[in-house]
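Here is a short briefing to read with the model open beside you. It goes from one surface side chain to the core, the charged pairs and a single helix.

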Amino acid sequence: MTERKTDLAMEVRESFPRDNVEIKGVILEKKRDEKSGAKVTVVEIKDEKGSRAMGKPQGTYITIESEKFLREGEDSEDLLLCIAGELERMVKGLRKKKVLIAGLGNRHITSDSLGPRMVEEIFVTRHFEKEFGHSFMQHHNYGNVSAIAPGVMGQTGMEAGEVLKGVVEKTHPEIIIVVDALAARSLSRVCTTVQLTDTGISPGSGIGNLRKALSKETLGIPVIAIGVPTVVDARTIISDHLEQVLTKQGYREWEREQFIREVLQEETKNLYVTPKNVDESVMILAKGLAKVMNYCLQKKSEEYFKERMDTL
């Protein structure tokens, strides 16, 4: 069957023949957040066997699904608190750490601009300690947060990993949180799903544009990756639709596979689809993820940040 490209560990897990099949070295947990109603799926890859089966590094992958991602205001508050809670459980003592937030992607390509747009909304405080001292930070209960949008190779001539490596060596954060746009297999998960993982990230892997991995091994400190799918592989959409139609018509599995291979031409290999309202969706998602970061790292409201910045 045609390969379904995806960055979501839960979709890789779903690709196995039976949902309840046991995969050695992989633990699957599904739950629902009571307040927000969000569906939370935890995939934990425990060992090398699980890693080979899933095609992903060992670690924990938490996926949160909800239509509320594209809402603003009070409707989304419970959902953002759900994401914040999962992030804080993944990284114990997060707020006490020196954190570097990196927004990956190309600011000028809408479906790839989630990371850079999110960075614009982050309340950065690392410079406060240098300017006003440690007592100022303690008095205002500020965490130590810096942020950067390293751009893409086509803009800078450097991989994001190279840029971040230099920043880490110069500023000495204790942990990096990278935010990036992902690719999904299912249309229903585009702009409605957030994935958190403690394994780092390989930028562009979901669309076959693999760059150097951003991980503890490459950067020397823990890397938490947060991603939202904004595109779907066109081949996946065509293949899934044809498979449903042919199955209803009674075609056997090998007949379906042969027909789909014949229909899918080379021209569709690097074609990706994104919603027509992706610009608005990405802006909402960027602001939402920034609120999650600001809450986890500062425990202050966005309104408070704006008021405080006006007085400094």
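Leaving aside its neighbours within four places in sequence, which residues is Lys-35 in contact with? The answer is Lys-68 and Asp-78. Please keep in mind that this is a predicted model.

**Around Lys-35**
- You will find Lys-35 in the loop between strand S1 and strand S2 (39-45).
- Lys-35 has a relative accessible area of 70%, over the 50% cut-off, so Lys-35 counts as exposed.
- Lys-35 and Cys-82 are 47 residues apart in sequence, yet 8.2 Å separates them in space, C-alpha to C-alpha.

**The nonpolar cores**
- The largest nonpolar core has 44 residues, and those that touch the most other members are Ile-64, Leu-87, Leu-94, Leu-114, Met-118 and Ile-226.
- Helix H12 (residues 278-298) gives the most to this core, namely 10 residues.
- Take Leu-87 as a starting point: beyond its neighbours within four places in sequence, Leu-87 is in contact with Leu-94, Leu-196, Ile-224, Ile-226, Val-292, Met-293 and Cys-296.
- Another core, of 20 residues, lies apart from the largest one, and its members include Leu-104, Val-163, Val-178 and Leu-182.

**Salt bridges**
- The model has eight salt bridges, including the three described here.
- Arg-189 pairs with Glu-11 at 3.1 Å, N to O. Arg-189 sits in the loop between strand S6 (175-184) and strand S7 (193-197), while Glu-11 belongs to helix H1 (residues 9-14), so this bridge ties together parts that are 178 residues apart in sequence.
- Both ends of that pair are buried: Arg-189 has a relative accessible area of 8%, and Glu-11 has 0%.
- Arg-189 also forms a salt bridge with Glu-65, at 2.9 Å, N to O. Because Glu-65 is in strand S3 (residues 59-65) and Arg-189 is in the loop between S6 and S7, the pair links parts that are 124 residues apart in sequence.
- Like Arg-189, Glu-65 is buried. Through shared partners, Glu-11, Glu-65 and Arg-189 are joined by salt bridges into one network.
- Glu-86 and Lys-31 meet in a salt bridge at 3.6 Å, N to O. Here helix H3 (residues 74-90) holds Glu-86 and strand S1 (residues 26-32) holds Lys-31, so parts that are 55 residues apart in sequence are tied together.
- In this pair Glu-86 is buried, at 5% relative accessibility, whereas Lys-31 is partly exposed, at 33%.

**Helix H8**
- Helix H8 (residues 160-171) has 12 residues and reaches 16 Å from its first C-alpha to its last, close to the 16 Å expected at 1.5 Å a residue.
- Which residues of H8 are buried? They are Ala-160, Gly-161, Val-163, Leu-164, Val-167 and Val-168.
- These buried residues cover an arc of only 155 degrees around the axis, so they are on the same side of H8.
- The general rule helps here: an α-helix has 3.6 residues a turn, so residues three or four places apart point the same way.
- Glu-169 and Lys-170 are exposed on the other side of H8.
- Among the elements that cover the buried residues of H8 are strand S4 (98-103), strand S5 (144-148), S6 and helix H9 (216-219).
- Just after H8 comes His-172, with a positive phi of about 55 degrees.

Technical notes: Residues numbered from 1 in each chain as written. Predicted model: local features only at pLDDT ≥ 70, side-chain atom pairs only at ≥ 80, totals over all residues. Heavy atoms only, no water. Core = buried A, V, L, I, M, F, W, Y, C linked by side-chain atoms within 4.5 Å. Buried < 20%, exposed > 50% of the residue type's maximum accessible area, 1.4 Å probe, protein only. Helix = DSSP H or I, 4+ residues; strand = E, 2+ residues; numbered from the N terminus. Contact = heavy atoms within 4.5 Å. Salt bridge = Lys/Arg side-chain N within 4 Å of Asp/Glu carboxyl O. Expected span 1.5 Å × (residues − 1). Arc of directions from axis to C-beta.
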